[in-house]
Every structure is written in structure tokens, then in C-alpha cells.
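Open the model in your viewer and keep the selection panel to hand. We will go stop by stop.

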There are 2 protein chains.
Amino acid sequence: MTELLAYFEKELPRINGFINEETDKLEGLVKGVARHVLLAPGKRIRPVLTLLTARGLGYAKDDIYPLACSLELLHAATLLHDDILDDADLRRGVKASHLVFGTTETILAGDVLLALANRIGAGYGKSRISYIMADGIMATAEGEIREIAHISEPMVNRDTYMDIIIGKTARLIETSCRMGAALACDDLAVEDSVGNFGLNMGIAFQLVDDAIDYESPSDDTGKPEGGDLKEGKVTLPLILYLEMLQDDQAEELLAAIKSRTLSDEKRDFLLAEIRKHDFGARTRQYAADYIEKAKKCLEPLPDSAECRVLKQAADFVLTRSK
Amino acid sequence: MTELLAYFEKELPRINGFINEETDKLEGLVKGVARHVLLAPGKRIRPVLTLLTARGLGYAKDDIYPLACSLELLHAATLLHDDILDDADLRRGVKASHLVFGTTETILAGDVLLALANRIGAGYGKSRISYIMADGIMATAEGEIREIAHISEPMVNRDTYMDIIIGKTARLIETSCRMGAALACDDLAVEDSVGNFGLNMGIAFQLVDDAIDYESPSDDTGKPEGGDLKEGKVTLPLILYLEMLQDDQAEELLAAIKSRTLSDEKRDFLLAEIRKHDFGARTRQYAADYIEKAKKCLEPLPDSAECRVLKQAADFVLTRSK
């Protein structure tokens, strides 16, 4: 894990420096929004993944940072729009942008960040990079769409849940990895291996995120305790609990959760039940399976320091508690 | 003008066919929104401009239609997001999407259409195409941002107005033309000529649009009579009127317009005044100057049937009454 931490420590200043510079150039109305979401404490996992995959495949040039950061811009853009859609209160531990700056400013800031990322990507003179980026944005938007569409369904099963988390999280992490591969080489098979590493790691990342929501208190995550439950979001720990119930009981409970009409007492009871049955830990176990798959995807790649760090990054996903 | 109409008649079925097919493949939640805005009667001026510029520069391949249509997808995406920002009631003569389908669905549909256009563009294997597209989206979003920022300024002058219409309309028309040139050749000087044709024509297009708002009744345009005035939008016909007033009178009137607190009587009076002074016609005269500039930009290009149609298209902009 030491190499991973050292890698982050080495690269974060350049990543943050570029993001700081680029957002500072934006038009007044959206600059505040962009900086609010992008300069809030973040893990920068997407840019680091682009750096690691490209370097691991032998790309040595220094012009890589804008491309790596474009993934963070894309991610921020999707957060901005999603927070409006979900009417979320908090993001990365700070008040959601649309509540601070207004919906208009937040929609526009998202659009500008998407366009900026696309322009940065197109500047590398490789149309494959633009294609991967557009495809990643498309998949992420479609994931959000399916998540919203599923809200009105009476039941949510594991397949639906997987479909949603792949769309809303894993595909953009896949994109981050593919991007590094596409910059470093023109070998689609290599790009696919690296992309599948990202996809599986992204799934694990979201599974752990969803487990955390049932584990830790608000102060650590910047998220409200049991926030997903409050927001009517159905994630794996809850699905595992619903699977224990009779169909009609499960549907009734789910309807109350989705319509946000669950009483505080019932919610507290539900949180306690899910904790008692260790469904958070079970969710983490599934995440571990995906991390194993992810690491297998790296096997065809040449061994390198970056490749080892990528494996460490995958393992690190499982240890997160906030 | 016969050649222009024949060109539209010949090309519209393929353009509309592609848009119909592509929007039909979208996810359920956004399909309705996309089809609502994209299948409403529209002039398809942007796709036709891409076709004309590429063909005029000798591009003969049939694979051009998706790229041409991607400009219409981009345009629709900006309309969807703008209508939320402006809280508009009508668009292309039909109820605005967010009022029919909801804000969430409309934001997402805009995001998906942007991504789809980018993915189509990237599919041509020329990174210049992706760059032009991203730059056009960026400029359009920044134009919208500046329009909103200007709302809070006490006065609006012609420079501000020009800045806004270039951003919100002309840059995407420039993009449509640049795209055709970039597909057909790798000559940046030619691309610039064609781009400047589009920019000037786009400015004229918006000037005429703003003139129309003070000319024709609601039934023809699908827009409310004096709709811009009602929505607190400051366009050239109004600026020409404000220029006749004392500074303090102008500022007071402008404040009432922007805050939408103008009484019906005062608005009717203002509409009558602007009509009496022919400020719509004056605005059209400015548009005519830009059309002249636009046509000059085409001079370095080889003569062709498409080049003649482009000039006709420019002239046609001036004759629009709805």
C-alpha cells in the first residue's frame, strides 16, 4: 500500500494544480460552481487511474495531465447534474452546488465542464480518445436514467441494482482506465483489458460506497447516516434485507422507502436490522469478488511499478471506511 | 432561391430519417423528451449547412448524414437546457419539454443528446471534428452564461447584445459549417473561411429572429407576441428604442422589463412604439450587413452548386418572417 500512497502524494499536486488553473479560467457565473465541486476534498481516483494505466503501458510524456484531469471534470459534471436530479443536500461533505449557487448556474456549470473535458480530450489528436469519452458520458447518463426509471418499479432486484451502479459509477471509472490505454497505445485488446479492470474496480467501489452508507456516521463521510435510505435509494445492503422478507412485505416496505414516507422509528429499526445481519459486510464481500476479477484483467499487461500500484489501488477500494 | 428549396427538399428526408432512428434508440425516460424537441417542426438549418459546406468542398461520401445530424442533436440539447434556465413556455411552437416531461428528464435528455453527438463526431476518426464540436458546445454554454450574467446589469448596450447572440446562436452555426469543412479537408484557412461564413450568417439569423419577435403574432411563430419583452430578454429592437431615451428613463424601463414587472398597458405601448419606429426593420438592416459579410467569406472557395446554395441560404435568412 506504501507505493499507492506515495503515488497519490506525488501526483496529486499536479492534478490539483491543473484543475485549479482550468476552473479559474471559467466564466464568472459557473466558476464558483465548478470550483465548489472540484476543489472540495476528493480522492481524484479517476485522474490517477488514467495516469497509472497510461504510464503502466509505457506512455512517458508529460502532456498527460490535462487528459487525466478531464476525467475529474467529467465526474464533477455528472455530480452537478445528478445532485439537481436527486435534489441532494450534501456532496463530498459540502452543501450541494444547486443549493448554494442555484439550479441554472449548476446546469450550466455541468455543461461547461463536459464541453471542457471533451475539448481537452480532442486536443490530443486521437479520435479514439474522444470516442471513449463520449461513450463514457453516454453510459453514465443512461445509468442515471435507468436509476430514475427503476424508482417507479414495485421491486428492485440485484440485476437492476448492478445495472444501475455500472451505469452511474463503474462506466466512468472504466473510461478513466481506457483513456490511459488509448493514449499509450492503439491496441484495442489491451484497452479492453484495462477497461475491464476499471469496470470491475468501479463496481467494487460503488458496492463499498453503498456498504459504508449503512456503516458509518455522518461526520466521517460527509453524508447523512443511512442517507441512501432517507433519499429513497435502494442499494445492495437493503436488497439483501428485502430478500429475507415475504414478497408482499418487501413491496410494502419498498414503497414506503421510495416514497420517503417511512417513519423515523421504522427507518431506525431498518438500519439496526441491516447492521445486525451484517449486510454491509456481505456487500463488501461481493465487492471483494469484483476486485479479484479486476486484478485478473491486469494479468496480460507487462509488469511495471504502475501495474503493481493499480493492484494496490484495487485492494485499497475494499479497505475504505469513508 | 429555387436551388435552395430543392436542396432542402432533397436532403430533409434523410436528415429526419436519421434523427427519427437515433432518437428511437434512446432510453425510455429521455426518448420522449428527445423526440418531442427533435421531431417538432424545425428548419434543420444546421445539418443542411454541414452538408452544403462539405459537399461544396468536394466531400462526396454518403457517411456524412450522422455528422450533419449531430449538429441538430447538439442544438436540441442546448434548447432543452436553455428552456429550463429561461423557464420558457413554448419551444418551436410546442410546449417546452420540461413542462411536459419534467426537469429531471429534460436535463438528462440534454446530457444524452450532447454525448450522442460527441460519440457520432468521434466515430469519424478525425480528432479535429471532436475539437470543433467541443469548442462549439463550450462557446454556446458560455454565451448562455453571459446572457444570464448580463440580466443583473443596469444597462444593456449593443456590444453586450452582440456578445450574447454570437454565443447563444452564431457559434453553433459556425460550428455546423466548420464541421463540414473539417470533414472535407484539412486546410485550416478554408475551415476558417467557412466558419466565418457561418458566424456572420448566424448573427444575421438571430438578428432576424429578434426582429420577428416584435413583428408577427403568436400564431405564426409559435412564440408569444412580444415574447422576448415578456420574458425580460433585451434584444436589438428594444435596445434601439432605449437608445432614444434619457439614461435614467432607459434604466428605469429596463429594470421593469428585466424584473418582469412591466404592466400590460406599458408593454403594449412599448411594442407599439418599437413598431412605429420600425426598429424591427432596422434590426433586419443590420442582419443584411452581416449577410453581406458572410457571402464575402465564401469568395475564396471553389465555385460549385453547393456554394451557390449557401449564398441563397444566407439571403433566405433575411426573408424569414417566422
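In which loop of chain A does A:D278 lie? Select the loop between helix 14 (264-276) and helix 15 (279-297) of chain A; A:D278 is there. Bear in mind that this is a predicted model.

**Stop 1: A:D278**

Show the backbone. Most residues other than glycine have a negative phi. A:D278 is not a glycine, yet its phi is positive, about 55°. Is A:D278 buried or exposed? A:D278 is partly exposed, because 14 other C-beta atoms lie within 10 Å, and a residue needs 20 or more to be buried, or 12 or fewer to be exposed.

**Stop 2: B:D278**

Switch to chain B. Select the loop between helix 14 (264-276) and helix 15 (279-297) of chain B, where B:D278 is found. B:D278 is a residue other than glycine with a positive phi, near 55°. B:D278 has 14 C-beta neighbours inside 10 Å, so it counts as partly exposed.

**Stop 3: helix 7 of chain B**

Select residues 127-151 of chain B, which form helix 7. Put a distance between the end C-alpha atoms: they are 37 Å apart. At 1.5 Å a residue, the 25 residues should span 36 Å, so the two values agree. Now look around the helix. Of its 25 residues, 19 are buried, so helix 7 of chain B is largely enclosed by the rest of the structure.

**Stop 4: helix 6 against helix 7**

Add residues 103-122 of chain B, helix 6. Helix 6 and helix 7 of chain B pack at an angle of about 155°, with their axes 8 Å apart. Angles over 145 degrees count as roughly antiparallel, so these two helices of chain B, 6 and 7, are roughly antiparallel to each other. Their crossing is right-handed. Show side chains for the contact. Helix 6 of chain B brings B:L114, B:A117, B:N118, B:G121 and B:A122. Helix 7 of chain B brings B:I129, B:S130, B:M133 and B:I137. By class, this contact has six nonpolar, three polar and no charged residues.

**Stop 5: helix 3 against helix 16**

Hide that pair. Select residues 45-56 (helix 3) and residues 305-319 (helix 16) of chain B. Helix 3 and helix 16 of chain B pack at about 145°, and their axes are 8 Å apart. The crossing of helix 3 and helix 16 of chain B is left-handed. Which residues meet here? From helix 3 of chain B come B:L52, B:R55 and B:G56. From helix 16 of chain B come B:E306, B:C307, B:V309 and B:L310. By class, the contact between helix 3 and helix 16 of chain B has four nonpolar, one polar and two charged residues.

Notes. Residues numbered from 1 in each chain as written. Chains lettered and ligands numbered in written order. Predicted model: local features only at pLDDT ≥ 70, side-chain atom pairs only at ≥ 80, totals over all residues. Helix = DSSP H or I, 4+ residues; strand = E, 2+ residues; numbered from the N terminus. Expected span 1.5 Å × (residues − 1). Axes fitted to C-alpha atoms, helices over the stretch in contact; angles between N-to-C directions. Parallel < 35°, antiparallel > 145°, perpendicular 65-115°, else oblique. Left-handed = near helix turned anticlockwise from the far one by under 90°. Contact = placed C-beta atoms within 7 Å. Nonpolar A, V, L, I, M, F, W, Y, C, P; charged D, E, K, R; others polar.
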